[in-house]
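Work through the exercises below with the structure in view. Try each task before you read its solution.

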Amino acid sequence: MTQRKPSQPTPVDDDGISYQGRTRERVKRAERTKTRIKQGKVIDHKGLRGIVATPIGPNWIVAVEQEFWICGVSGVVDVSHSSTMIVVGDVVWIEPDAHRTELGDLSANIVKVEPRTTVLSRKAAGKTQKEQVLVANVEQLGIVMSATLPDYNKRLIDRYLIAADKGDLAPFIVINKMDLIDPQYYADFEADLYVYIEQLALPVIFLSAKSGMGMQELQDILAGRSTLLTGPSGVGKSSMINRFTDARQRVGAISEKYEKGRHTTTASLVIPLPSGGIVVDSPGIREFGIFELEAGELPFYFEEFTSYAANCKFAPCSHTHEPHCAVKAAVEAGEIDEERYVSYLNLKETL
Ligand SMILES: Nc1nc2c(ncn2[C@@H]2O[C@H](COP(=O)(O)OP(=O)(O)OP(=O)(O)O)[C@@H](O)[C@H]2O)c(=O)[nH]1
Ligand SMILES: [Mg+2]
Ligand SMILES: [Zn+2]
């Protein structure tokens, strides 16, 4: 039992490499096999509708009800979106092959990707202004952080909140590893997260995948819905999912056959829940650039600034250098969370 310690080095994650690598692989493969994107392809009568569960190498595992299919992409694919042809969570149509894979699994070809209802995107790594879709069709975004080891990161929470807003996902926050915190400090955590709990009225769940604390609350929020769990590496996303379903192992077993020795999460993975609904486990993320964020709209993503902004002397006011800025005054008075203001300034600098 310790008080929260200063930052520990964050375990190295595979952020970027995994998503980025796969994006490249797909592009390469598409060129090699001359995959063409075309709308309105007629689905063969043998076609099956499923959900993309996870990538394996250049292929995908697609779940059709309880069955898993190993699917390639070649020939003409019917896709209506322009960013990231196929991602985890996509609803796809597949056409079964006559034969199985060398390892004996059912095999098929993806021929159509249905339009996405929601997307969680980020700005692709590097200097480009390209959108990289991480996951499609989830209703909720669970932003998972840990109380310590590693310490939670409010900058990252704020970025995720904006991405959730843009992608139409309902966000909530999970603070895991509460078992490492002496209960006498719980109130300090609530005070530190006041802006999210009180001002933004977001669900904030204090949890321990180890002790079970908060697990019921998490299950309740996941039940019957589709949710992406995201956050840095090592905060316990996989651990909390493993507590209430073994589906992860089931899908994991198939991927491991193809990609030997996979331990930490290296790719997003769709997991059906016993309570109904699905949860998507995802690899730890280190960098999260927001795709298509505009300077003019930035203040509106900081909801709690709005009521103060009306009293700024200048309109519009960037809340940075202007005299008589009511937002800055509210930060000084402690009415606006200072760290949120820092998030705002950091994001502003990137625009
Ligand atoms: N003390 C404590 N340790 C935990 C808890 N939850 C997870 N851990 C440990 O934290 C480490 C990382 O857990 P994972 O579940 O792999 O974390 P993750 O978020 O899935 O990490 P990535 O897959 O790399 O993104 C493991 O050693 C877990 O045993 C918890 O509630 N309390
Ligand atoms: Mg994991
Ligand atoms: Zn202002």
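**Exercise 1: A helix and its neighbours**

The buried residues of helix α2 pack against β8 (119-123), β10, β11, β13 and α10 (338-350). Keep in mind that this is a predicted model.

Task: Find which residues of α2 are buried, and check the span of the helix.

Solution.
- Step 1. Locate the helix. α2 covers residues 154-167.
- Step 2. List its buried residues. They are I157, D158, R159, Y160, L161, I162, A163, A164 and G167.
- Step 3. See how the helix is placed. α2 lies across β10 (140-146), β11 (170-176) and β13 (226-230). Its direction is at about 175° to β10.
- Step 4. Check the span. α2 has 14 residues, and at 1.5 Å a residue they should span 20 Å. The end C-alpha atoms are 20 Å apart, so the two values agree.
- Step 5. Look just past the end of α2. There D168 takes a positive phi of about 75°.

**Exercise 2: A strand inside**

Task: Decide whether the faces of β10 are covered or uncovered.

Solution.
- Step 1. Take one side. Q140, G142, V144 and S146 are buried.
- Step 2. Take the other side. L141, I143 and M145 are buried too.
- Step 3. Conclude. Both faces are covered. Seven of the seven residues of β10 are buried, so the strand is largely enclosed by the rest of the structure.
- Step 4. Add a partner. β10 pairs with β11 in the parallel sense, over seven bridges. Q140 has A170 of β11 as its bridge partner.

**Exercise 3: The sheet**

Task: Write down the strand order of the open sheet of six strands, and name its edge strands.

Solution.
- Step 1. The order is β12-β11-β10-β13-β15-β14, and the pairing is mixed.
- Step 2. The edge strands are β12 (204-206) and β14 (269-272), since each pairs on one side only.
- Step 3. From one strand to the next, the twist averages 25°.
- Step 4. Now look at one edge. β14 pairs with β15 (residues 278-281) in the antiparallel sense, over four bridges. V270 stands opposite V280 in β15.

**Exercise 4: A strand with two faces**

Task: Sort the residues of β5 (residues 76-79) into a covered and an uncovered face.

Solution.
- Step 1. V77 and V79 form the covered face.
- Step 2. V76 and D78 form the uncovered one.
- Step 3. Find the partner strand. Two bridges join β5 to β7 (residues 107-113), and the strands run parallel. D78 has K112 of β7 as its bridge partner.

**Exercise 5: Unusual backbone**

Task: Say where the cis peptide bonds before P150 and P316 lie, and compare N137 with H324: which is buried and which is exposed?

Solution.
- Step 1. Recall the background. Most residues other than glycine have a negative phi, and most peptide bonds are trans.
- Step 2. A cis bond joins L149 and P150, with omega about -5°. P150 is in the loop between β10 and α2.
- Step 3. Another cis bond joins A315 and P316, with omega about 0°. P316 is in the loop between α8 (306-309) and α9 (326-332).
- Step 4. N137 has a positive phi, near 65°. N137 counts as buried because 23 other C-beta atoms lie within 10 Å, and the cut-off is 20 or more.
- Step 5. H324 has a positive phi of about 50°. H324 counts as exposed because 11 other C-beta atoms lie within 10 Å, and the cut-off is 12 or fewer.

Notes: Residues numbered from 1 in each chain as written. Chains lettered and ligands numbered in written order. Predicted model: local features only at pLDDT ≥ 70, side-chain atom pairs only at ≥ 80, totals over all residues. Pairing = 2+ DSSP bridges. Axes fitted to C-alpha atoms, helices over the stretch in contact; angles between N-to-C directions. Contact = placed C-beta atoms within 7 Å. Expected span 1.5 Å × (residues − 1).
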